[in-house]
Amino acid sequence: MVNFLKNFAFFLILGTLSFFIIFGFNNFFKQDSISETETDFVQTETENESFNNNPVLPLGEDNPNRGEFEVTTGHYKILFSPEGGTVSHIFIKANENSEDYIDLIHGNGTEKAFDLKFGNYTGFDIQSVFNYEIEKKNKETKVIFSRDFADKNNVPFTLKKIYRLNDDEYMIELTIEIANSHKKIPFLSNDQPSYTLKFLPQLGPAFVETSKKNKSGSANYRDFLIYKDEKLKKYSKYERVLITTRVDWVGIESRYFTAIGIEPKLTTHRIVMDKYSDRGFVSNEIFFERKKINETEVKDIYRFYVGPRVKKNLAVYNSEKDNAFGYSHLSLDKAGSGRGIISLAIKGVMNFIHNVLHVSNWGWVIIILTVLIKLILIPFSMAQMKSSAAMQKLQPKIKEIQDKYKNNPQKLQAEMAAFYKENKINPLKGCLPMILQMFILIPLFNLLRSDYDLFQEPFIWWITDLSSPEAVFTWEKNIPLISGFTQNSIRILPVLFIITQLFSMKIMQTGAEQAGNKQMKIMMYLLPIIFFFTLYNMPSGLFIYWVVMNILSVIQQLIYNAVKKNRQYKENPPSSGKKIAGKKKSLAR
């Protein structure tokens with residue numbers, strides 16, 4: 001029993017250390033520097049809010065046509081609102097094969113994206129109804145909102161909000177124009193910022209939608225991003241971040257989507273990133289505060305990427321020839337998913353299988369990937385099998401040494417080390433395949449949880465989303481202890497995982513089994529059971545990898561056992577005397 005506990009503790013500690021070491025290794029080789037430390041240009045303390053007196057009033061009557069209207073591009077279905085010249089909804093497809101749309105603007109029902117207010121970010125949104133027109137030319141669409149206003153000195157001016165879209169891209173260009181025909185500078189605010197542009201009420205989809213196929217809420221997070229001087233910094237714990245100097249861009253990210261805003265150069269007074277809760281609803285917002293206007297005509301061009309966290313879509317804005325807007329050197333791909341170098345390598349292989357080999361179903365892509373990984377690991381797993389066989393063969397001698405020096409731990413350790421050296425055995429060699437698999441499992445887990453290509457991607461039958469846990473049966477009423485573990489769902493893949501894992505362990509126990517080996521056997525059976533309860537709610541794509549890997553390991557072990565048995569038979573064939581005796585015995589019966 002003591003040996004069993006020691007062995008169990010050893011493997012548990014080894015597995016835990018391997019997890020954290022490899023997790024750290026994967027993060028160490030990330031392409032971007034991510035941290036939550038404060039910088040010299042960011043403040044994270046709460047600011048005293050004071051509403052700005054609004055001296056600007058609309059001129060004339062509101063346009064009676066205040067109804068929302070839809071504009072469709074190759075990637076977007078956008079619902080515009082003449083009230084304030086805003087956007088109510090931005091719909092994109094759940095994935096390239098889906099006909100379902102997801103709303104990337106999620107608010108409490110009243111807030112809209114690209115609201116404008118005069119003054120600082122605590123002021124009042126412009127709710128006047130704008131006139132609008134739509135221009136369509138080839139693949140480009142422009143939505144032009146305009147409205148006349150007057151400042152507190154009765155200086156009239158025209159405010160325009162011009163949205164520019166392209167059929168092939170997840171980019172929204174928004175131009176703010178303020179013009180005065182009397183050559184006078186409008187007085188827009190009692191505060192220093194002339195106006196504030198609000199960038200989204202919240203990056204959607206709604207939390208319940210991202211986890212509708214499972215109740216784990218695995219996609220329920222929103223982080224602020226700041227990119228400056230080729231470094232990406234993530235802020236997930238702060239309620240408010242105030243940026244007081246020039247940065248390259250800011251954004252909000254979730255597991256599968258990102259919204260990035262790039263303000264005009266040398267015009268921003270401050271950027272405010274705000275997170276708040278209202279009646280249980282958490283909202284992330286970004287505000288661009290514009291410096292005081294000192295010209296009679298102003299033209300500020302903002303650029304917004306709102307779409308999936310896919311590097312190939314984000315990277316087109318690094319070269320002007322790759323996008324219709326002519327943008328370059330934006331480095332938006334730094335916000336792409338799968339930043340770890342191992343995740344990128346795995347994703348590259350999966351893309352090759354999917355795009356070059358034309359395997360359209362991502363579930364089968366994962367299975368083919370698993371086969372390739374198993375082929376790479378064969379030399380290491382063969383070394384593990386040979387090491388295990390050698391250990392089993394020498395188990396009686398090991399038991400003898402353990403019994404002889406059981407009261408002298410130092411002597412026991414020295415004798416065991418000498419015994420292993422004499423017999424050319426490395427007991428840790430059997431752990432090598434497990435450690436190597438950990439180098440793959442963790443990046444693969446991160447990839448499955450954040451890769452847009454796998455988001456809501458079905459496989460077969462009941463497996464409807466590779467990025468989320470599958471379920472064959474769910475219930476609403478919470479059951480003490482049971483609901484916390486199962487999330488009110490019965491899943492098949494975790495059961496298949498533990499069955500294949502236990503069977504794999506079973507066939508590995510070959511040859512004579514001494515007491516110590518039986519303890520090891522119990523321990524090896526216990527670990528998969530612990531993993532079953534720990535990993536029950538992991539993404540179904542990860543379980544597909546595990547189950548297939550276990551099946552391949554079983555096949556490999558059976559082949560190894562058969563070859564080994566055949567070799568032993570050839571080396572030590574039964575004697576002729578034994579065969580005759582056996583025949584005589586049979587005749588006697």
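Buried here means under 20% relative accessible area. Keep that cut-off handy for the exercises below, and remember that this is a predicted model.

**Exercise 1. Strand S16 and its surroundings**

Work out which residues of strand S16 point which way, and which strands S16 pairs with.

*Solution.*
- Step 1: Start with the strand itself. S16 covers residues 249-253, and 5 of the 5 are buried, so the strand is largely enclosed by the rest of the structure.
- Step 2: Sort the side chains. Trp249, Gly251 and Glu253 go one way, while Val250 and Ile252 go the other way. That fits the usual picture: in a regular strand the side chains alternate between the two faces of the sheet.
- Step 3: Look at one partner. Strand S13 (residues 223-228) runs antiparallel to S16, with 5 bridges between them. Tyrosine 227 has tryptophan 249 of S16 as its bridge partner.
- Step 4: Now take S17 (residues 257-262), which is also antiparallel to S16, over 4 bridges. Here glutamate 253 has threonine 258 of S17 as its bridge partner. A hairpin of 3 residues links S16 to S17.

**Exercise 2. Two cores**

Find which residues touch the most other members of the largest nonpolar core, then look at what surrounds leucine 159.

*Solution.*
- Step 1: The largest nonpolar core has 75 residues, and Phe80, Phe114, Leu159, Ile172, Phe304 and Leu332 touch the most other members.
- Step 2: Zoom in on leucine 159. Beyond its neighbours within four places in sequence, its contacts include Leu116, Phe118, Ile126, Phe130 and Phe149, and also Arg147 and Glu177.
- Step 3: There's a second, separate core of 39 residues, with Leu444, Phe445, Phe497 and Phe543 among them.

**Exercise 3. Asparagine 550**

Decide whether asparagine 550 is buried or exposed, and name its contacts.

*Solution.*
- Step 1: Place it: asparagine 550 sits in helix H12 (residues 540-571).
- Step 2: Its relative accessibility is 8%, so asparagine 550 counts as buried.
- Step 3: Leaving out neighbours within four places in sequence, asparagine 550 touches Phe497, Thr500 and Gln501. Phe497 should ring a bell, as it belongs to the second core.

**Exercise 4. A nonpolar patch**

Identify the members of the nonpolar surface patch and the helix that gives the most to it.

*Solution.*
- Step 1: The patch is made of Val349, Val371, Leu372, Leu375 and Ile378, with about 360 Å² of accessible area together.
- Step 2: Helix H5 (residues 362-393) gives the most, with 4 residues.
- Step 3: Valine 349 comes from helix H4 (residues 341-356). At 34% relative accessibility, valine 349 is partly exposed.

Terms used:
Residues are numbered from 1 along each chain as its sequence is written. This is a predicted model: local features need pLDDT of at least 70, side-chain atom pairs count only at pLDDT 80 or more; totals for chains, interfaces and linings use all residues. Side-chain values use heavy atoms; hydrogens and water are left out. Helices (H or I, at least four residues) and strands (E, at least two) are DSSP runs, numbered from the N terminus. Buried means under 20% relative accessible area, exposed over 50%, partly exposed in between (1.4 Å probe, protein chains only). Contact means heavy atoms within 4.5 Å. Patches are made of residues with over 30% relative accessible area and no salt bridge: like charges are joined within 9 Å, nonpolar side chains (Val, Leu, Ile, Met, Phe, Trp, Tyr) within 5 Å. Accessible areas come from the Shrake-Rupley method with a 1.4 Å probe; for residues, only the protein chains shown count as cover. A salt bridge is a side-chain nitrogen of Lys or Arg within 4 Å of a carboxyl oxygen of Asp or Glu. A nonpolar core is a set of buried Ala, Val, Leu, Ile, Met, Phe, Trp, Tyr and Cys residues joined through side-chain atoms within 4.5 Å. Two strands pair if DSSP finds at least two bridges between them.
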